[in-house]
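This report describes part of a protein structure for a reader who has not seen it before. It takes up the pairing of strands, then the packing of helices.

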Amino acid sequence: MSKKVLIVAEAEVLRSATARVVSLFDRETVTASHNDALVKFLEEEPHAVIIWDYAEKYSGGGSEGRATYNDIKSSASPEQKIVRCGFETHDYADYVRAPFRLEEIIKKIS
Amino acid sequence: MKNIILIVEDLPEEQEKAKLAVRNAGFVCAVTPTLAGAERMFKTLEGKISGVVTDLHFPESDYDHPKNTATAPCGLAVVAEAIERTIPVAVCSDIDHHFAEYLRKVITALGRRSAYGPVPFGMDSKNWETAVAALVKSMKGGK
């Protein structure tokens, strides 16, 4: 599997900024909005996925980031690293609370 | 991209078996454990799903709720949605065949509306390789 990283966020500026910093660590990057995320994931077969906008305390039961995480996580192989990012506090091993140090997220996808 | 087969199954160990069967058959695999996830994937993967293999009993919603149990036969809704969208579908279930008569009748009735003929319906023990093979046969034999 390639060292490709898929970055998913609703805001284009967040996608491109995350892609720019991840590429500094010698990773190929591709980006997608939540709407296109699953298709891109199945097409690109990335080594890792960073999913922004993850939230559970959201009126109506879930955020777009949470739905994207559920869909990609259940479709992923065990070798693919899936990381969720948001502003809430959670204890999940694959969750990173923003703001975070760059090394923290690189460690999670390595 | 290779053609996608959608798997609807809530048990992680069964999901892994299903993924292996789908990949060995030469397809890309999308998996969801709930009816809500299946409905979402029918939309986000519109026009890209070549076939569906579904379990029968799994939760309706993605999120925890006292009424969100895995005892309802949500797979019937997946079968109906696939047939409405003209997508071949098969059922992979471990339901005891002695207690499956009402399900068999519903699935048989739904299959009469399918462009691909009767819906393959495996029961008693889950065998994803058999279910995927039956789906692929059904995909090739569409009316």
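How many bridges join strand β1 (residues 4-8) of chain B to β3(B), and in which sense do the strands run? The model is a predicted one. In it, five bridges join β1(B) to β3(B), and the two strands run parallel.

Strand β1(B) also pairs with strand β2 (residues 28-32) of chain B, again over five bridges and in the parallel sense. On its other listed side, strand β3 (residues 49-54) of chain B is joined by three bridges to strand β4 (residues 89-92) of chain B, and these strands run parallel. The table gives residues that stand opposite each other in these pairings.

| Residue | Partner |
|---|---|
| I5(B) in β1(B) | C29(B) in β2(B) |
| L6(B) in β1(B) | V52(B) in β3(B) |
| V8(B) in β1(B) | T54(B) in β3(B) |
| V52(B) in β3(B) | V89(B) in β4(B) |

V52(B) therefore appears twice: L6(B) stands opposite V52(B), and V89(B) is the bridge partner of V52(B) in β4(B).Burial comes next. Five of the five residues of β1(B) are buried, so this strand is largely enclosed by the rest of the structure. I4(B), L6(B) and V8(B) point one way from β1(B), while I5(B) and I7(B) point the other way. In a regular strand, side chains alternate between the two faces of the sheet. Strand β3(B) is likewise largely enclosed by the rest of the structure, because six of its six residues are buried.

The link between β1(B) and β2(B) passes through a helix. Together, β1(B), helix α1 (residues 12-24) of chain B and β2(B) make a right-handed β-α-β unit.

How do helix α2 (residues 35-44) of chain B and helix α3 (residues 75-84) of chain B lie, and at what angle do their axes cross? Two packed helices are described by the angle between their axes and the distance between the axes. The axes of α2(B) and α3(B) come within 10 Å and cross at roughly 10°. Angles under 35 degrees count as roughly parallel, and α2(B) and α3(B) are therefore roughly parallel to each other.

The contact between these helices involves L35(B), A38(B) and F42(B) in α2(B), which meet A77(B), V78(B), E81(B) and A82(B) in α3(B). By type, the residues of this contact divide into six nonpolar, no polar and one charged.

Technical notes
Residues are numbered from 1 along each chain as its sequence is written. Chains are lettered from A and ligands numbered from 1 in the order in which they are written. This is a predicted model: local features need pLDDT of at least 70, side-chain atom pairs count only at pLDDT 80 or more; totals for chains, interfaces and linings use all residues. Side-chain values use heavy atoms; hydrogens and water are left out. Buried means under 20% relative accessible area, exposed over 50%, partly exposed in between (1.4 Å probe, protein chains only). Helices (H or I, at least four residues) and strands (E, at least two) are DSSP runs, numbered from the N terminus. Two strands pair if DSSP finds at least two bridges between them. Axes are lines fitted to C-alpha atoms, for helices over the stretch in contact, and angles run from 0 to 180 degrees between N-to-C directions. Angles under 35 degrees count as roughly parallel, over 145 as roughly antiparallel, 65 to 115 as roughly perpendicular and the rest as oblique. Contact means heavy atoms within 4.5 Å. Ala, Val, Leu, Ile, Met, Phe, Trp, Tyr, Cys and Pro count as nonpolar, Asp, Glu, Lys and Arg as charged, and the others, Gly among them, as polar. A crossover is right-handed if, with the strands pointing away from the viewer, the path from the first strand over the helix to the second runs clockwise.
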